[in-house]
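Grab a coffee and open the structure in your viewer. The exercises below walk you through it, each with a worked solution.

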Amino acid sequence: MSRAEAEDAAGQDSRAGDRRICAASELVEGRSRRFDLAPVQGMFGPMPMEGVALRVQGQVRAYLNLCPHRGQPLDLGDGRLFARDGTLECQAHGAHFEPLTGACVRGPCEGRALTPLRVEERAGILWVTVEPREEPVDDP
Ligand code: FES
């Protein structure tokens, strides 16, 4: 087993800054799933961060799991976001988002959008590429 294959199997980063989401085959059409991102430094210490990945019309998208309305997670902890009409629904106050663009099309944050993340498929694995922060995260 190559180093990259071993890292993929262990769910570790294969390129600096990249994080494994799941096997591409696990993300089926019309489904979403959440995944962990590196924590960021908040006012009171490190804050866990999450993303959500989804597949729609054969395309994979990923967004920060934060609603632009009040900054709450979009899901109820299970990663499920799709409403019956095919939009993504924030479980907190019911904002609806267009899955391919992340644009809020209905609800309390209409006109705003989810924060997109860059996703790549390499050797059957979906990876999210997290850009390095330009400012230090441990500033007092
Ligand atoms: S936090 Fe998502 S609609 Fe309010």
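Here are five short exercises on this predicted model.

**Exercise 1. Getting your bearings**

Task: work out how many helices and strands the chain has, and how they follow one another along the sequence.

Solution. Start by counting: there is one helix and there are nine strands. Now read along the sequence, and you get the pattern α-β-β-β-β-β-β-β-β-β. Next, check how much of the chain is buried: 23% of its 140 residues. Last, look at contacts between residues with a separation of 6 or more: 44% of these link residues 24 or more positions apart.

**Exercise 2. How far to trust it**

Task: find where confidence is lowest and where it is highest in the chain.

Solution. Begin with the overall picture: pLDDT averages 85 over the chain, and 81% of the residues score at least 70. Then go element by element. Helix α1 (residues 3-10) sits at the bottom with a mean of 50, while β6 comes out on top at 98. Now scroll to residues 132-140, where pLDDT stays under 50. For this stretch, the model has four contacts beyond four places in sequence. A word of caution here: predicted coordinates should not be read in detail where pLDDT is low.

**Exercise 3. The six-stranded sheet**

Task: put the six strands of the open sheet in order and pick out the edge strands.

Solution. Trace across the sheet and you get β1-β9-β8-β4-β3-β2, with antiparallel pairing. The ends of that list are your edges: β1 (18-23) and β2 each pair on one side only. From one strand to the next, the twist averages 30 degrees.

Now zoom in on the pairs.

- β2 (residues 32-42) and β3 (residues 45-56) are antiparallel, with nine bridges. They make a hairpin with two residues between them, and Ser-32 faces Leu-54 in β3.
- β3 and β4 (residues 59-64) are antiparallel too, over six bridges. Val-56 has Gln-59 of β4 as its bridge partner. This hairpin also has two residues between its strands, and Gln-57 in the turn shows a positive phi of about 50 degrees.
- β8 and β9 pair antiparallel over five bridges, and Val-119 stands opposite Val-128 in β9.

**Exercise 4. The three-stranded sheet**

Task: explain why β5 and β7 each have one side without a neighbour in the sheet.

Solution. First get the order of this open, antiparallel sheet: β5-β6-β7. β5 (88-89) and β7 (104-106) are at the edges with a single partner strand each, so one side of each has no neighbour in the sheet. Then look at how β5 meets β6 (residues 96-97): two bridges join them, and they run antiparallel. Glu-89 is across from His-96 in β6.

**Exercise 5. The nonpolar core**

Task: name the residues that touch the most other members of the largest nonpolar core, then follow the contacts of Val-119.

Solution. The core has 20 residues, and those touching the most other members are Val-52, Ala-53, Ala-62, Leu-74, Val-119 and Leu-126. As for where the core comes from, β3, β4, β8 (116-122) and β9 (125-129) each supply at least two of its residues. Now click on Val-119. Leaving out residues up to four places away in sequence, Val-119 touches Ala-53, Val-60, Ala-62, Leu-126, Trp-127 and Val-128. You've already met one of these: Val-128 is the residue opposite Val-119 in β9.

How values were computed
Residues are numbered from 1 along each chain as its sequence is written. This is a predicted model: local features need pLDDT of at least 70, side-chain atom pairs count only at pLDDT 80 or more; totals for chains, interfaces and linings use all residues. Two strands pair if DSSP finds at least two bridges between them. Helices (H or I, at least four residues) and strands (E, at least two) are DSSP runs, numbered from the N terminus. A nonpolar core is a set of buried Ala, Val, Leu, Ile, Met, Phe, Trp, Tyr and Cys residues joined through C-beta atoms within 7 Å. A residue is buried if 20 or more other C-beta atoms lie within 10 Å of its own, exposed if 12 or fewer, and partly exposed in between; C-beta atoms are placed from the backbone. Two residues are in contact if their C-beta atoms, placed from the backbone, lie within 7 Å. Axes are lines fitted to C-alpha atoms, for helices over the stretch in contact, and angles run from 0 to 180 degrees between N-to-C directions. pLDDT is the predictor's confidence in each residue, from 0 to 100.
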